Amino acid sequence: MSHRVAGLQGGREAEILDMLKALSAAELCDLARKLDRSTMTPAVLSWVSAQRSIDLGTAMTLFINAEPESFNHVAKDDVPEVHRRLCASLDALCQRINCGYYLPDPERPLDRVRDFAMWMRNQEADEQSRGKGRWIFNPVTVAPMISDIRFDARRRKAKPAKPERPGLFRKVISPLMA
């Protein structure tokens with residue numbers, strides 16, 4: 001199912017939200033990954049990020065696609081009025097990611113691993129220089145999506161369980177107990 005992402009800023013938020021509500025979970029995740037700052041409104045970002053069907057990789061991709069770098073070191077009161085709702089939506093998205101609202105899905109990895117890893121390196125550098133950005137991620141929460149060794153369920157093959165072999169004591173005593 002093909003959906004147009006362009007033109008979301010055009011004051012048709014109610015119509016767009018109705019269209020989003022009609023999507024399946026997989027379609028919503030696919031569309032959410034295509035949104036960027038030029039195509040998302042604060043209402044769309046808030047609604048999409050509040051859905052339980054969104055996984056951790058999609059949420060982190062949504063965050064990075066919103067290009068939050070330009071407001072990360074700006075005081076909340078200094079953010080231009082036109083961007084305050086977007087920043088508030090990103091605040092909520094960051095909080096949801098940190099509290100574990102989204103679960104990792106091996107079928108939906110983070111699209112921009114390098115960009116998010118750079119965000120985490122910059123966050124660490126801020127911490128070492130006693131600075132602090134607006135959006136700080138818990139490294140433990142986001143690690144499954146940005147670590148060098150990511151679990152891939154598609155490649156994992158289940159091994160048949162080995163039958164339990166009785167020990168020497170059981171071999172000797174079992175016949176006597178029967």
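The following paragraphs lead through the fold of this chain, from its overall make-up to its core and then to a few individual residues. The model is a predicted one, and every value given here was computed from it.

The chain is built from eight helices and has zero strands, so that, by the assignment of helices and strands used here, the order of its elements from the N terminus on reads α-α-α-α-α-α-α-α. Of its 178 residues, 37% count as buried, and the chain as a whole exposes about 11600 Å², of which carbon and sulfur atoms supply 54%. Among the contacts whose partners are separated by 6 or more positions in sequence, 78% join residues that are 24 or more positions apart.

In soluble globular proteins, nonpolar side chains tend to be buried together. In this model the largest nonpolar core has 40 residues, and within it L20, F116 and F137 touch the most other members. Two or more residues of this core come from each of helix 1 (13–21), helix 2 (25–34), helix 3 (42–49), helix 4 (56–65), helix 5 (81–99), helix 6 (113–128) and helix 7 (139–146). F116 gives a view of how this core is put together: when residues up to four places away in sequence are not counted, F116 touches M60, F63, I64, L110, F137, V142 and I146.

Two of the residues that F116 touches, M60 and V142, also take part in the packing of helix 4 with helix 7. The axes of these two helices lie 10 Å apart, and the helices pack at an angle of about 100°, which makes helix 4 roughly perpendicular to helix 7. From helix 4, the residues L56, G57 and M60 meet T141, V142, M145 and I146 of helix 7; sorted by type, the residues of this contact are five nonpolar, two polar and no charged.

G57, which has its place in helix 4, deserves a separate look. Is G57 buried or exposed? Its relative accessible area is 0%, and because buried means under 20%, G57 counts as buried. Leaving aside neighbours within four places in sequence, G57 is in contact with R33, R108, P109, L110 and M145. The C-alpha atom of G57 is also separated by 9.4 Å from that of C29, a residue 28 positions away along the chain.

Both C29 and R33 belong to helix 2, where L28, C29, L31, A32 and R33 are buried. Which helices do the buried residues of helix 2 pack against? Their partners are helix 1, helix 3 and helix 4. In the loop between helix 2 and helix 3 one finds L35, a buried residue with a relative accessible area of 3%. L35 and L62 are 27 residues apart in sequence, and their C-alpha atoms are 6.9 Å apart in space.

A last residue to examine is E67, which lies in the loop between helix 4 and helix 5. E67 has a phi near 50°, a positive value in a residue other than glycine. With a relative accessible area of 40%, E67 is partly exposed, whereas L35, in the loop between helix 2 and helix 3, is buried.

Key. Residues are numbered from 1 along each chain as its sequence is written. This is a predicted model: local features need pLDDT of at least 70, side-chain atom pairs count only at pLDDT 80 or more; totals for chains, interfaces and linings use all residues. Side-chain values use heavy atoms; hydrogens and water are left out. A nonpolar core is a set of buried Ala, Val, Leu, Ile, Met, Phe, Trp, Tyr and Cys residues joined through side-chain atoms within 4.5 Å. Buried means under 20% relative accessible area, exposed over 50%, partly exposed in between (1.4 Å probe, protein chains only). Helices (H or I, at least four residues) and strands (E, at least two) are DSSP runs, numbered from the N terminus. Contact means heavy atoms within 4.5 Å. Accessible areas come from the Shrake-Rupley method with a 1.4 Å probe; for residues, only the protein chains shown count as cover. Axes are lines fitted to C-alpha atoms, for helices over the stretch in contact, and angles run from 0 to 180 degrees between N-to-C directions. Angles under 35 degrees count as roughly parallel, over 145 as roughly antiparallel, 65 to 115 as roughly perpendicular and the rest as oblique. Ala, Val, Leu, Ile, Met, Phe, Trp, Tyr, Cys and Pro count as nonpolar, Asp, Glu, Lys and Arg as charged, and the others, Gly among them, as polar.
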